[in-house]
Every structure is written in structure tokens, then in C-alpha cells.
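Trainee: Could we go through this model together? I should like to begin with the charged side chains and then turn to the helices.

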Amino acid sequence: NPLLLAQLRPRLEEEFGRIPGGLQLLQSLFANVRTSLLHGLQLIFLASAVIMCGSVILNVLLKNVPLRRHHVPEPEVPVG
């Protein structure tokens with residue numbers, strides 16, 4: 001949950017602060033996660049936009065074919 005990160009950040013900074021160079025490692029980790037999420041969301045948005053445009057073009061190019069020309073009642077079958 002990304003909202004918990006704000007609550008866990010002081011604890012993470014405390015734990016990473018115990019390691020030499022840990023705070024720089026934590027900042028690098030946050031930057032890499034942010035970049036990865038950004039690229040992932042951009043890729044998903046781009047793929048969705050391409051699929052949507054393809055669907056709209058396909059819908060425009062489809063021929064309008066009626067399913068039935070006339071309503072024909074089905075003949076009644078005598079029971080018995």
C-alpha cells in the first residue's frame with residue numbers, strides 16, 4: 001500500500017541509517033521505485049490508447065449488417 005510508505009518512512013530511515021551509506025541506498029531505492037512505477041504506468045496507458053484507437057477504427061470500418069430483414073413469426077406446432 002503506497003499510503004503506508006509515509007508512515008513507514010521514518011522507521012525505514014532509522015533502520016537504513018544503521019548501515020554505512022544506508023540513507024543513500026534508501027534514497028536510491030525510492031528513486032528507482034518511483035521511476036519504475038512511472039514507466040509502468042506510461043506503458044499501460046500507451047497500450048490502452050493503442051487498443052482503444054484500434055477498436056474505434058475497426059468499429060468504423062465494420063459493415064452495417066442487419067440481423068434480420070423481416071420479422072417472420074414461427075409456425076405454430078399443434079400439441080397432441
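**Salt bridges and helix packing**

Mentor: R11 and E14 lie three residues apart in helix α1, so about one helical turn separates them. Please keep in mind that this is a predicted model.

Trainee: What do R11 and E14 form, and how far apart are the closest N and O atoms?

Mentor: They form a salt bridge, with the closest N and O atoms 3.9 Å apart. The cut-off for a salt bridge is 4 Å.

Trainee: Are R11 and E14 buried or exposed?

Mentor: R11 is partly exposed, at a relative accessible area of 47%. E14 is likewise partly exposed, at 42%.

Trainee: Which other side chain does E14 meet in a salt bridge?

Mentor: That partner is R18, with an N to O distance of 3.3 Å. R18 has a relative accessibility of 58% and counts as exposed, because the threshold for exposed is over 50%.

Trainee: And what about E15 and R18?

Mentor: E15 forms a salt bridge with R18, and their closest N and O atoms are 3.6 Å apart. E15 is partly exposed, with a relative accessible area of 29%. Through shared partners, the salt bridges link R11, E14, E15 and R18 into one network.

Trainee: How many salt bridges does the count come to?

Mentor: The count comes to five salt bridges.

Trainee: Changing topic: how do α1 and α2 cross?

Mentor: Helix α1 covers residues 4-17 and helix α2 covers residues 22-61. Their axes come within 8 Å and cross at roughly 145 degrees. The crossing of α1 past α2 is right-handed.

Trainee: Which residues make the contact?

Mentor: From α1, the contact is made by L5, R9, L12, E13, F16 and G17. From α2, the contributors are G22, L23, L25, L26, Q27 and F30.

Trainee: How do the residues of that contact divide into nonpolar, polar and charged?

Mentor: Seven are nonpolar, three are polar and two are charged.

Trainee: Why quote both an angle and a distance for the helices?

Mentor: Two packed helices are described by the angle between their axes together with the distance between those axes.

Terms used
Residues numbered from 1 in each chain as written. Predicted model: local features only at pLDDT ≥ 70, side-chain atom pairs only at ≥ 80, totals over all residues. Heavy atoms only, no water. Axes fitted to C-alpha atoms, helices over the stretch in contact; angles between N-to-C directions. Helix = DSSP H or I, 4+ residues; strand = E, 2+ residues; numbered from the N terminus. Left-handed = near helix turned anticlockwise from the far one by under 90°. Contact = heavy atoms within 4.5 Å. Nonpolar A, V, L, I, M, F, W, Y, C, P; charged D, E, K, R; others polar. Salt bridge = Lys/Arg side-chain N within 4 Å of Asp/Glu carboxyl O. Buried < 20%, exposed > 50% of the residue type's maximum accessible area, 1.4 Å probe, protein only.
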